[in-house]
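Work through the exercises below with the sequence and the model in view. Each task is followed by a stepwise solution.

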Amino acid sequence: MSQVIFSKTASTGQQIEVRLKEYLPGVFIAQLFLDGQFVFGEAKPAPLKSPKGDITHWMGRQGKAIGLTTAEAQIIQHAIDEADAAAKETPEGKERRLRRQRESLVTDYQGLMDEADAAFERGMESDGSSAWRAKMAFSGRITDAQIALEKFDAAHPEVLAAIETEKAAAAARFLATD
C-alpha cells in the first residue's frame, strides 16, 4: 500500500503523483507515477547537476523524468524522513536497529579474526618465524571486539535469544525436509 505525498499537473498536462512506499521493513522510498503509471527510477528527489530556473531536483529515469522545485523536493524528502523515523521507533524498528548493531559487531570481530589468520599465513609463507608475531599483533583488537560483542549481548539478551530461536527453527526445518 502506498500513500500519495505529492501531486501536480505538469505543463504537458500529465498528472504527476509521488507516493510513499515501504520498500523493505522500516525503509521508505518515494515512487513516481505519471498518469497513474509507475515510473521506475530514483527512490527520492535527486539534485540536478544544472538547475533550470526554479527546477532544482528530478525524479524518474531518462526519458520519463520530472523536474521538481526545491520546495517540492523537500516535501517529498520530509515525508520519507518522517516515515523512516517513525518506523525506527516501533518495537520492530528498534529490534532491527539492535540486530544491525550486533551484526556490525560480529562482522568486525570476524574480520579481525580473518585478518589475523591471513597475517599468520603470510608469515608462514615467508620464513615462518614471524607468523605467530603477525597473528598476535591482532590479539588486542580481537579481544576488544570480543568484549564489545559480549557487552552488547549482556545488555540486549533478547536479541541473541531471538537469533538463537531463529537458528533452531531453521535447523528444525532443514532436518524435517531430509
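Two strands pair if DSSP finds at least two bridges between them. The model is predicted. Its mean pLDDT is 91, and 99% of the residues reach 70 or more.

**Exercise 1. Give the strand order and pairing sense of the open sheet of three strands, and name its edges.**

Step 1. The order is β5-β6-β7, and the pairing is antiparallel.

Step 2. β5 (46-52) and β7 (64-69) each pair on one side only, which puts them at the edges.

Step 3. Direction ignored, neighbouring strands of this sheet are turned against each other by 40° on average.

Step 4. Now take one pair. β5 and β6 (residues 55-61) run antiparallel and are joined by three bridges. P47 stands opposite H57 in β6. K52 stands opposite I55 in β6.

Step 5. Look at the turn. The hairpin of β5 and β6 has two residues between the strands. G53 in this turn has a positive phi of about 65°.

**Exercise 2. Describe the open sheet of four strands: which strands stand at its edges, and what does that leave without a neighbour?**

Step 1. The order is β1-β2-β3-β4, again with antiparallel pairing.

Step 2. β1 and β4 (37-39) are the edge strands. Each has a single partner strand, so one side of each lacks a neighbour in the sheet.

Step 3. From one strand to the next, the twist averages 35°.

Step 4. β1 (residues 2-9) pairs with β2 (residues 15-24) over seven bridges, in the antiparallel sense. K8 stands opposite I16 in β2.

Step 5. Five residues lie between the strands of the β1 and β2 hairpin. There, G13 takes a positive phi near 95°.

Step 6. At the other edge, three bridges join β3 (residues 27-34) to β4. L32 stands opposite V39 in β4.

**Exercise 3. Find which strands of the two sheets α1 touches or lies across.**

Step 1. α1 (residues 70-88) packs on the sheet of β5, β6 and β7. It touches β6 and β7, and its direction makes about 100° with that of β7.

Step 2. α1 also lies across β1, β2 and β3. Its angle to β3 is about 145°.

**Exercise 4. Classify the packing of α2 against α4.**

Step 1. The axes come within 9 Å and cross at roughly 160°.

Step 2. Angles over 145 degrees count as roughly antiparallel. α2 and α4 are therefore roughly antiparallel to each other.

Step 3. The crossing of α2 past α4 is left-handed.

Step 4. Residues of α2 in the contact include L98, L105, Y109 and M113. Those of α4 include I142, L149 and F152.

Step 5. By class, this contact has 12 nonpolar, two polar and four charged residues.

**Exercise 5. Repeat the analysis for α2 and α5.**

Step 1. α2 (residues 91-126) and α5 (residues 157-177) pack at about 85°, with their axes 10 Å apart.

Step 2. The range for roughly perpendicular is 65 to 115 degrees. The angle therefore makes α2 roughly perpendicular to α5.

Step 3. In α2, the contact residues are E95, L98, R99 and R102. They meet E158, V159, L160, A162, I163 and E166 in α5.

Step 4. The residues of this contact divide into five nonpolar, no polar and five charged.

**Exercise 6. Which helix has the lowest mean confidence, and which has the highest?**

Solution. The lowest mean is 87, in α3 (residues 131-136). The highest is 95, in α4 (residues 139-155).

Technical notes: Residues numbered from 1 in each chain as written. Predicted model: local features only at pLDDT ≥ 70, side-chain atom pairs only at ≥ 80, totals over all residues. Heavy atoms only, no water. Axes fitted to C-alpha atoms, helices over the stretch in contact; angles between N-to-C directions. Parallel < 35°, antiparallel > 145°, perpendicular 65-115°, else oblique. Contact = heavy atoms within 4.5 Å. Nonpolar A, V, L, I, M, F, W, Y, C, P; charged D, E, K, R; others polar. pLDDT = per-residue confidence, 0-100. Left-handed = near helix turned anticlockwise from the far one by under 90°.
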